[in-house]
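Got your viewer ready? Load the file, switch to a cartoon view, and we'll walk through it one selection at a time.

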Amino acid sequence: MKSDVQVAVIGGGIVGASVLYWLARLGWTDAVLLERRELTSGSTWHAAGNTTYFGPYPKMTALFAGSIRTYLQAEQDSGVSVGFHQTGSLRLAATPRELDLFHVYAPRYASLGIPFHIRSPQEVAELHPFIDTRAIHGAAHTPTDGHVDPTGATNALAQTARKRGASVERYCPVETVTRAPGGWALATPKGTVTARHVVVATSFWAREMLAPLGLNLPLYPTQHHEIITESLPDIAARDTELPAMRDSWVSCNVRQERDGLLIGIYEKQPEFWALDGIPPDFKEDLLPPNLDPLMPHLERLMERMPLFASAGIKVANNGPMCLTPDGLPLIGPVPDMAGLWLATGFNVGIGTGGGSAEILARWMTTGEPPKGLDAIHADRFGTDMDRDAALASIREVYTRGYELPDAI
Ligand SMILES: Cc1cc2nc3c(=O)[nH]c(=O)nc-3n(C[C@H](O)[C@H](O)[C@H](O)COP(=O)(O)OP(=O)(O)OC[C@H]3O[C@@H](n4cnc5c(N)ncnc54)[C@H](O)[C@@H]3O)c2cc1C
């Protein structure tokens, strides 16, 4: 293992792998990624892989677009499939106000060169015959997004970075992060790594990892479910994949998974997980499912998509998901700790990881912060946010689900 490098990335989920990829692509190849277990072993392995272009925050849209671009480029560079399904997405307007907001967002997509159409209920029914369109006002349609295989994408990113000269150390947990002359020292069971720059991409583990440095990052894991149904004959009979659907009224996303449906729900009573510390023996584990709080949403989904009422549930996965008090990631340098960078706090890490990594890697290699992205700066919560206040905000962000903010 390299013991002295220009940059060490801690954490081998989609975000850490994307950061290693982008640093190597921009010429910082004296780089090592240190992963506690296998790549993807945090939240990445069980994610649904949805990568939409739709986002209510103007500047964030570019991060979504940059992510699909990054994964497809890594696929080309490595020959490893990222499993991209270009199904397109429909964001339903459950209220007239949501439809108005889609018109407000439209020019942003034009400026980024992303196809974006506002569809009537009748057009929605043509694109997705299983949506009952009687109670909707239309939809925003982004036809060129879809979903990827998060494990395939992580492997493609890591393999490309390796081909460019970076290295990946698995089963190499970082035990402590301390200052060292000219940079940082990372203690691991395989020896100490010193690095001029360190990127912490350890999701909800980052909080405990950096507490000894006096940082109190407001990052906490919530439980989040995805439900996969048995095959449905009506879907099996189709010869094209359905577009993904997102709906603020149901507070869920739904996409086709093989011949069934995959449903992600933002329920009104979210549960946190491991608030007093991530269990040290937590591996590639899921949490016990708890379907009761999901039932009101599933009942609404039966109204919105009557086909779902006939579906048997095959799997209910409950996984931990990292959230910050405003639902946006923490990206950038830690003030007064030269060389220490964050790429953590992602709750849509597949959708935004690749694009965020490009932003961070350009920032690190040029020293120039990105323009207009203060909303994701790592220092925006200070270093000592009150825990109860952080948890209350996270709960609020989670339960808001797909509701659109009025101010954009
Ligand atoms: C059920 C479910 C469905 C989801 N679906 C989607 C979706 O469709 N689209 C989407 O965009 N997002 C989705 N998400 C969220 C997504 O999974 C996360 O945002 C994303 O995986 C975060 O990636 P990450 O790299 O930041 O973290 P992780 O994947 O958690 O990676 C962090 C890594 O750090 C490692 N690590 C921790 N401590 C150390 C240490 N001391 N030393 C070395 N390594 C360490 C861990 O082992 C882990 O591999 C979903 C989440 C859940 C729970």
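Here is a tour that starts at the ligand and then moves out through the core, the strands and a few single residues. Keep in mind that you are looking at a predicted model.

**Stop 1: the ligand**

Click on the ligand and show the residues around it. You should get a shell of 36 residues, with Glu 35, Thr 44, Asn 50, Gly 349 and Gly 351 the closest. Colour the shell by class: 16 of its residues are nonpolar, 17 are polar and 3 are charged.

Which elements should you highlight here? Pick α1 (14–25), β12 (220–229), β16 (313–323) and α9 (349–366), as each of them supplies at least two residues of the shell.

Now zoom in on some individual atoms. Start with the side chain of Glu 35, where an N or O atom sits 2.6 Å from an oxygen atom of the ligand. Next, select the backbone of Ile 14: one of its N or O atoms is 3.3 Å from a ligand oxygen. For Ala 48, look at the backbone again, but this time the partner is a nitrogen atom of the ligand, 3.1 Å away. How much of the ligand's own accessible area does the protein cover? On its own the ligand has 1000 Å² of it, and the protein covers 96%.

**Stop 2: the largest nonpolar core**

Hide the ligand for a moment and turn to the largest nonpolar core, a group of 44 residues. Try selecting Val 9, Val 19, Leu 20, Leu 23, Val 199, Leu 360 and Met 364, which have the most contacts inside the core. Then colour the elements that supply at least two residues each, among them β1 (4–10), β2 (31–34), α2 (58–78) and α5 (150–163). Which element gives the most? That's α1, with 9 residues. You've met α1 already, as one of the elements lining up around the ligand with at least two shell residues.

**Stop 3: the β17–β18 hairpin**

Select residues 330–333 for β17 and 340–344 for β18; these strands pair in the antiparallel sense over 4 bridges. Show Pro 333 and you'll find Trp 341 of β18 standing opposite. The two strands make a hairpin, with 6 residues between them.

In that loop, click on Asp 336. Its phi is positive, about 65°, even though Asp 336 is not a glycine. Is Asp 336 buried or exposed? Its relative accessible area is 73%, so Asp 336 is exposed.

Slide along to Ala 343, which lies in β18. Here the relative accessible area is 4%, so Ala 343 counts as buried. If you draw a C-alpha to C-alpha distance from Ala 343 to Gly 332, you get 6.8 Å for a pair 11 residues apart in sequence.

**Stop 4: strand β13 and its partners**

Now select residues 244–247, which make up β13. Ala 244 and Arg 246 point to one side, Met 245 and Asp 247 to the other, and all four are buried, so both faces are covered.

β13 has partners to find. Strand β4 (residues 89–92) runs parallel to β13 and is joined to it by 3 bridges; look for Ser 89 opposite Ala 244. With β14, the pairing is antiparallel, again over 3 bridges, and Met 245 stands opposite Val 254. β13 and β14 form a hairpin with 4 residues between them, and Ser 251 in the turn has a positive phi of about 65°.

Carry on past β14 (252–257) to the loop before β15 (260–265), and click on Arg 258. This residue also has a positive phi, near 50°, and is not a glycine. With a relative accessibility of 69%, Arg 258 counts as exposed.

**Stop 5: two last residues**

Go to Pro 289, in the loop between β15 and α8 (295–304). Pro 289 is partly exposed, at 49% relative accessibility. Its C-alpha is 17 Å from that of Cys 252, which is 37 residues away along the chain.

Finish at Leu 404, in the segment after α10 (387–400). Buried or exposed? Leu 404 is buried, with a relative accessible area of 12%. Add Tyr 57 to your selection: the two are 347 residues apart in sequence, but their C-alpha atoms are 9.4 Å apart in space.

Note on methods: Residues are numbered from 1 along each chain as its sequence is written. This is a predicted model: local features need pLDDT of at least 70, side-chain atom pairs count only at pLDDT 80 or more; totals for chains, interfaces and linings use all residues. Side-chain values use heavy atoms; hydrogens and water are left out. A residue is near a molecule or strand if one of its heavy atoms lies within 4 Å of it. A polar contact is a pair of N or O atoms within 3.5 Å; within protein, one must be able to donate a hydrogen and the other to accept it, and residues adjacent in sequence count only if both atoms are side-chain atoms. Accessible areas come from the Shrake-Rupley method with a 1.4 Å probe; for residues, only the protein chains shown count as cover. Ala, Val, Leu, Ile, Met, Phe, Trp, Tyr, Cys and Pro count as nonpolar, Asp, Glu, Lys and Arg as charged, and the others, Gly among them, as polar. Two strands pair if DSSP finds at least two bridges between them. A nonpolar core is a set of buried Ala, Val, Leu, Ile, Met, Phe, Trp, Tyr and Cys residues joined through side-chain atoms within 4.5 Å. Buried means under 20% relative accessible area, exposed over 50%, partly exposed in between (1.4 Å probe, protein chains only).
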